[in-house]
Amino acid sequence: MDAERLQAQNRLLIRQRVRLMVNQYEVHAETPDGGEGELLAFAQQKRLAFKEQVTLYADDSKTRPILGFKARKRIDLASAYDITDANGLPIGVFRKDFKKSLIASTWHLEQPGLGVTTGSERNKFVAVLRRVWGFIPYAENLPFAWPYHFDFYAGDQVVFSVEKKFGLRDRYVVDIRDPRLDRRLVIAQAVGLDALQSR
């Protein structure tokens, strides 16, 4: 999909593939009937990496990278992640707000010319419940995904949201309300929410 068509998307559907040594994500456009349409991006993340790096490709053949994000530091709970385009040029940054995330996960996404958008979990009760669940032995190995909903604000306006659906596998709906948002940054942040949530 070309950049102009990608930028015209207002809803993205993301599905995680479960593999032994990697996490994989498919990002789709939405069809008029609400189903998965054209594949927009395919992401792969190695598990247990000391310095987090995720590359997103045009499809699962992984021959044409379209963007990526990489941690600035090794194993840093508050590290920033630089987002780059297909040529490795910087297009934005996201980072987790470690202090605020003790209760409800909070992230900041920076887009040049637009400023900072801040997203946090809408339901604080579910946020606490997810943390308690994480302390149960072997719970993280169960094929079960707790839902969550992040709203990202610029000032007092919601500019996009990411909703993780309840179910056995990770599925997400990303709604974009601000046409100025770079869809590549939104995709990187949405994938990062899942890939980096437990960091």
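**Exercise 1. Glutamate 30**

In which strand of this predicted model does glutamate 30 lie, and which residues distant in sequence does glutamate 30 touch?

Solution. Begin with the secondary structure: glutamate 30 belongs to strand β2, which covers residues 22-30. Next, consider its accessibility: the relative accessible area is 29%, and because buried means under 20% and exposed over 50%, glutamate 30 is classed as partly exposed. Then turn to its surroundings, where, once residues up to four places away in sequence are left out, glutamate 30 touches Arg11, Leu13, Gly35 and Gly37. With one of these residues, arginine 11, the side chain of glutamate 30 makes a polar contact of 3.3 Å. Finally, leucine 12 is 18 residues away from glutamate 30 in sequence, while the C-alpha atoms of the two residues are 6.1 Å apart in space.

**Exercise 2. Three salt bridges and a network**

For the salt bridges arginine 17 to glutamate 26, lysine 165 to glutamate 163 and arginine 180 to aspartate 178, decide whether each partner is buried, partly exposed or exposed.

Solution. As a starting point, a search of the whole structure finds twelve salt bridges, and the three pairs are taken in turn.

- Arginine 17 and glutamate 26 meet through their side chains at 2.4 Å, N to O, and both of these residues are buried.
- Lysine 165 and glutamate 163 form a salt bridge in which the closest N and O atoms are 3.6 Å apart; lysine 165 has a relative accessibility of 27% and so counts as partly exposed, and glutamate 163, with a relative accessible area of 29%, is also partly exposed.
- Arginine 180 and aspartate 178 meet at 2.7 Å, N to O; here arginine 180 is exposed, with a relative accessible area of 53%, whereas aspartate 178 is buried at 10% relative accessibility.

As a last step, place the pair of arginine 17 and glutamate 26 in its wider setting: both belong to a network of salt bridges that also links Arg15, Glu36 and Asp60.

**Exercise 3. The nonpolar core**

Which residues have the most contacts inside the largest nonpolar core, and which helix supplies the largest share of this core?

Solution. The largest nonpolar core has 41 residues, and those with the most contacts inside it are Leu56, Phe69, Ile83, Phe94, Phe160, Val162 and Val174. The largest share of this core, eight residues, comes from helix α3, which spans residues 183-195. To look at one core member in detail, take valine 162: apart from residues up to four places away in sequence, valine 162 touches Tyr148, His149, Phe150, Tyr172, Val173, Val174, Ala190 and Leu193. As a background to the core, buried residues make up 46% of the 199 residues in the protein chain, and the chain holds three helices and twelve strands.

**Exercise 4. A nonpolar patch on the surface**

Which residues make the nonpolar surface patch of about 300 Å², and where is leucine 102 found?

Solution. The patch is made by Phe98, Leu102 and Ile103. Of these, leucine 102 is found in the loop that runs between β7 (90-96) and β8 (106-111), and its relative accessible area of 54% places leucine 102 in the exposed class. For the chain as a whole, the exposed area is about 10,800 Å², of which carbon and sulfur atoms supply 55%.

**Exercise 5. A loop residue and a strand residue**

Is aspartate 182 buried or exposed, and which residues are in contact with proline 65?

Solution. Aspartate 182 lies in the loop between β12 (171-176) and α3, and at 14% relative accessibility, where the limit for a buried residue is 20%, aspartate 182 counts as buried. Its contacts, with neighbours within four places in sequence left aside, are Gln7, Ile91 and Gln111. Proline 65, by contrast, is placed in strand β5, residues 65-71, and is partly exposed, with a relative accessible area of 35%. Under the same exclusion of sequence neighbours, proline 65 is in contact with Thr55, Leu56, Tyr57 and Ala86. For threonine 55, which is ten residues from proline 65 in sequence, the C-alpha to C-alpha distance to proline 65 is 6.9 Å. Leu56, another of these contacts, is also among the residues with the most contacts inside the largest nonpolar core.

Key
Residues numbered from 1 in each chain as written. Predicted model: local features only at pLDDT ≥ 70, side-chain atom pairs only at ≥ 80, totals over all residues. Heavy atoms only, no water. Helix = DSSP H or I, 4+ residues; strand = E, 2+ residues; numbered from the N terminus. Buried < 20%, exposed > 50% of the residue type's maximum accessible area, 1.4 Å probe, protein only. Areas by Shrake-Rupley, 256 points an atom, 1.4 Å probe, with all protein chains shown as cover. Salt bridge = Lys/Arg side-chain N within 4 Å of Asp/Glu carboxyl O. Patch = residues over 30% accessible without salt bridge, like charges linked within 9 Å, V, L, I, M, F, W, Y side chains within 5 Å. Core = buried A, V, L, I, M, F, W, Y, C linked by side-chain atoms within 4.5 Å. Contact = heavy atoms within 4.5 Å. Polar contact = N/O pair within 3.5 Å; in protein donor to acceptor, adjacent residues only side chain to side chain.
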